Amino acid sequence: MKFLPIENLSYQTNLSVDEVISRLSNYIEPKKTFRFGLFGKAATKPYEGQIIGHSFELNRIINYRNSFLPQITGVIEGNTTGTTIKVKMRMHIFVIAFICFWLFGVGIAGFAFLYQGISDSSYSLFTFIPLGMLLFLYALTMFGFKLESSRSKKDLQNLFEVRSTNPDNDLL
C-alpha cells in the first residue's frame with residue numbers, strides 16, 4: 001500500500017503483553033478537544049488516545065496543523081516468542097470523506113474539460129488543469145501522511161524495543 005495513505009504494520013518484541021501496555025500507557029495521555037494555551041495545559045506526552053483491553057487508538061500530538069496526521073489503531077497479541085503488535089495507520093474519516101468529495105468534483109470537471117477538448121479537437125492548457133489539481137492533491141496528501149507516519153513508526157519501534165518488523169513495513 002505504498003501508494004495509498006494507509007499503513008499496516010506488525011512489530012515483534014521480547015516484551016510481555018503487560019509490559020507493552022504499561023509502556024504504551026506511559027506514552028499517551030487522554031484526548032483533549034482543545035490543545036493550546038487558552039484552554040488547557042500543553043501536552044506532557046507525545047501521543048494522545050486510549051487503551052482498551054489489548055487494543056489501542058492514538059495519534060501524535062503536534063503543535064501545528066496537519067489534516068493528514070495518521071490515526072493509529074493497534075492490537076497487542078502475546079505469543080510464545082514475545083509479543084506481536086499489529087498497527088494500522090490511516091487518515092481521519094472526515095479527511096477521507098472530504099478528499100473523496102473533492103476528487104469527485106474535480107473528476108467531473110476534468111471529464112467536462114476533456115470532453116470539450118475532444119469535441120472541439122483543440123486542447124489547451126485549461127484542458128489539463130483538473131489533472132494538475134488531482135496530482136497536487138495526491139502529492140499533498142501523501143507527503144503530509146508519510147511525513148507523520150514515518151515519525152510515528154520510529155517512535156513505536158523505539159517504544160516497543162522492536163526486534164524484527166514485517167518486510168511490508170517500509171520505512172520512509
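**Exercise 1.** Place Ser150 in this predicted model, then decide whether Ser150 is buried or exposed.

*Solution.* Start with the secondary structure: Ser150 sits in helix α3, which covers residues 129-159. Next, check the accessibility, which comes out at 10% for Ser150. The cut-off for buried is under 20% relative accessible area, so Ser150 counts as buried. Finally, look at what the side chain of Ser150 has for company: one of its polar atoms lies 2.9 Å from the backbone oxygen of Leu147.

**Exercise 2.** Now do the same for Leu135: which helix holds it, and is Leu135 buried or exposed?

*Solution.* Leu135 also has its place in helix α3. Its relative accessibility is 54%. Exposed means over 50%, so Leu135 goes down as exposed.

**Exercise 3.** Find the residues that form a nonpolar patch on the surface, and work out which helix gives the most to the patch.

*Solution.* First, pick out the members: Phe111, Leu114, Ile118, Tyr123, Phe128, Leu131 and Leu135. Together they have about 760 Å² of accessible area. Then sort them by element: α2 (93-120) and α3 each supply at least two residues. The top contributor is α2, with three residues.

**Exercise 4.** Where in the protein chain is confidence lowest, and where is it highest?

*Solution.* Begin with the whole chain: its mean pLDDT is 86, and 87% of the residues reach 70 or more. Then go to the extremes. Strand β7 (residues 162-165) is lowest, at a mean of 68, while strand β4 (residues 55-60) is highest, at 95.

Key: Residues numbered from 1 in each chain as written. Predicted model: local features only at pLDDT ≥ 70, side-chain atom pairs only at ≥ 80, totals over all residues. Heavy atoms only, no water. Helix = DSSP H or I, 4+ residues; strand = E, 2+ residues; numbered from the N terminus. Buried < 20%, exposed > 50% of the residue type's maximum accessible area, 1.4 Å probe, protein only. Polar contact = N/O pair within 3.5 Å; in protein donor to acceptor, adjacent residues only side chain to side chain. Patch = residues over 30% accessible without salt bridge, like charges linked within 9 Å, V, L, I, M, F, W, Y side chains within 5 Å. Areas by Shrake-Rupley, 256 points an atom, 1.4 Å probe, with all protein chains shown as cover. Salt bridge = Lys/Arg side-chain N within 4 Å of Asp/Glu carboxyl O. pLDDT = per-residue confidence, 0-100.
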